[in-house]
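Please open the structure in the viewer and keep the selection tool at hand. The tour proceeds by selections, each followed by a description of what is found there.

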Amino acid sequence: MSDVVFSPGPKAREIIERDQQVITPSYMRDYPFVIDHGLGAEVWDIDGQRYIDFTSGIAVLSTGHAHPQVVKAVQDQAAKYLHMSGTDFYEPLQVKLAEKLDEIAPFEEPARVYFCNSGTESVEAALKLARHRTGRAQFLGFIGGFHGRTMGSLAFTSSKYKQRADYFPMMPGVTHVPYPDPYRPILSLDGYQDYGERILAYVEDVIFQTIVPAGEVAGILVEPIQGEGGYIVPPDGFLPGLRKLCDKYGIMLIADEVQSGMGRTGKWWAFQHWGVEPDIVCSAKGIASGLPLGAVIARKSVMTWGRGAQGSTYGGNPLACAASLATIDLLENGMIANAAAVGQYLMDGLIEIMPRHPSIGQVRGKGLMIGIDLVKSPETRKPFAAVRDQAIKHAFNEGLLLLGCGTSALRFMPPLNLTQEMAGEALAMFDRALGQAEADLM
Ligand SMILES: Cc1ncc(COP(=O)(O)O)c(C=O)c1O
């Protein structure tokens, strides 16, 4: 196996050396990219090298880098006031944003919103809300899920063991069940046509009968499309069946839309692809185009906790709210539709190049949330992480920023305003990069 050689420029080298002295060594850093500036789906490193960004800062930059409308909204707000704290004071921008989120929330009934600063905080708050609303203590989560790294969300996060190792004991009260991955099912179908329904039968007939009684379960926390776990799209029976199961036992259905929401999949919320309404939605990442913002959006009849039950000093800070309002405006005025159209273009392109890449086992996803599973052979579907990692490095040298997910998948999560022309350019880069990785390793 030949090692991919990186040759960062002198400015990048200098920052990387300083970084290694003072920044936590727990970060991943697959390649030596050091940002100088970005615009739309393009970024330039501090030595002037241009890249197409298919990471969006981990699915955050929904409107791309430095969208002028978002930048102006932040600048205008910064000149007015920077902070007051929505927890203790009334905040006009928070109200405006919550009204907008109520409009786009995936519920028939009205919504209420709790603001925080990140994905993991939105999950923490959703868990507390579910316990508060039901008076129950237990939860179900899914193997392969990623919900954050604070102690409550971490109790669910299970996409990689190293995220959990050394941090036990976790928050008690979480039982994990398999996520319905139709490409690599870990349960037999057992007579079911739909693997999602099979998993739900396992929950009802086995888990509820042996491990945790349904009547003690406050909530089921689920990613409608599993993100860090591999960009896994569940079978069509899963989310509608999960809704029924939750209704049957009075369990809160908590949708973690931190990665899949805010238009990335071609609809506001990934849940909407299956016509399902959750009870509580966790949102962050793409909600504010890079400003730190998280939100719990719940049915009004669910968010009934009283004064002082939950709060956050910075949650929903005015700069983030201003960025979010501008983001939502851009998303609803063309970018969500663009995500659906350019996503389809990329999917079609990937399917087209599949025959000349023996390592591509499956291409899956919705809109601009696309996963490519790399395997040793399409017959065995055995994960091939080394070819994935090598392809990421070659792509970097081609000028394309990519990240992995799951055991052996790559993910495409570009900004939602990616043009078809740039998508084509990126696809050609990816085609070459994967070809080189396969030549190195297969
Ligand atoms: C689905 C999902 N939930 C929660 C989180 C945690 O978000 P944050 O890193 O903002 O805490 C992530 C982050 O990748 C995520 O993908």
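A crossing of two helices is called left-handed if the near helix is turned anticlockwise from the far one by less than a right angle, and right-handed if it is turned clockwise. This term will be needed at the first stop; please note also that the model is a predicted one.

**First stop: two helices that cross**

Select helix α4, residues 92–104, together with helix α9, residues 318–353. Their axes come within 9 Å and cross at roughly 35°. In the sense just defined, α4 passes α9 in a left-handed crossing. To view the contact itself, display L93, Q94, K96, L97 and K100 on the side of α4. Opposite them, in α9, are P318, C321, A322, S324, L325 and I328. The residues of this contact divide into 7 nonpolar, 2 polar and 2 charged.

**Second stop: the two domains**

Next, colour the chain by its domain assignment. Domain 1 takes in 10–66 and 335–441, and domain 2 covers 84–316. The centres of the two domains, taken over C-alpha atoms, are separated by 26 Å. Where they touch, 28 residues of domain 1 are in contact with 23 residues of domain 2. On the side of domain 1, at least two residues each come from α2 (56–59), α9, β11 (360–366), β12 (369–374) and β15 (409–412). Which of these elements supplies the largest share? It is α9, with 5 residues. By character, this side of domain 1 divides into 13 nonpolar, 10 polar and 5 charged residues.

**Third stop: the sheet of seven strands**

Now select the strands of the open sheet, which has 7 strands in the order β4-β10-β9-β8-β7-β5-β6 and mixed pairing. Why is one side of β4 and of β6 left without a neighbour in the sheet? β4 (111–116) and β6 (174–177) stand at the edges and each has a single partner strand, so one side of each remains unpaired. On average, neighbouring strands of the sheet are turned by 20° against each other, direction ignored.

Within this sheet, focus on β8 (residues 252–256) and β9 (residues 280–283), which pair in the parallel sense over 3 bridges. I254 has I280 in β9 as its bridge partner.

Restore the helices to see what lies across these strands. Helix α4, met at the first stop, lies across β4 and β10 (294–299) and runs at about 130° to β4. Helix α5 lies across β4, β5 (138–142), β7 (217–222), β8, β9 and β10, running at about 25° to β10.

**Fourth stop: the ligand**

Keep α5 in view and display the ligand with the 15 residues around it. Which of them come nearest? They are S118, G119, T120, V258 and Q259. Helix α5, residues 119–134, gives the most to this shell, with 3 residues. The shell divides into 5 nonpolar, 7 polar and 3 charged residues.

**Last stop: a hairpin and its further partner**

Finally, select β2 (residues 42–45) and β3 (residues 50–53), which run antiparallel and are joined by 3 bridges. The bridge partner of W44 is R50 in β3. The hairpin has 4 residues between its strands, and G48 takes a positive phi near 90°. Then add β13 (residues 400–401), which runs parallel to β3 and is joined to it by 2 bridges. Here D53 stands opposite L401 in β13.

Terms used. Residues numbered from 1 in each chain as written. Predicted model: local features only at pLDDT ≥ 70, side-chain atom pairs only at ≥ 80, totals over all residues. Near = placed C-beta within 6 Å. Nonpolar A, V, L, I, M, F, W, Y, C, P; charged D, E, K, R; others polar. Axes fitted to C-alpha atoms, helices over the stretch in contact; angles between N-to-C directions. Contact = placed C-beta atoms within 7 Å. Domains from an automatic or database assignment. Pairing = 2+ DSSP bridges.
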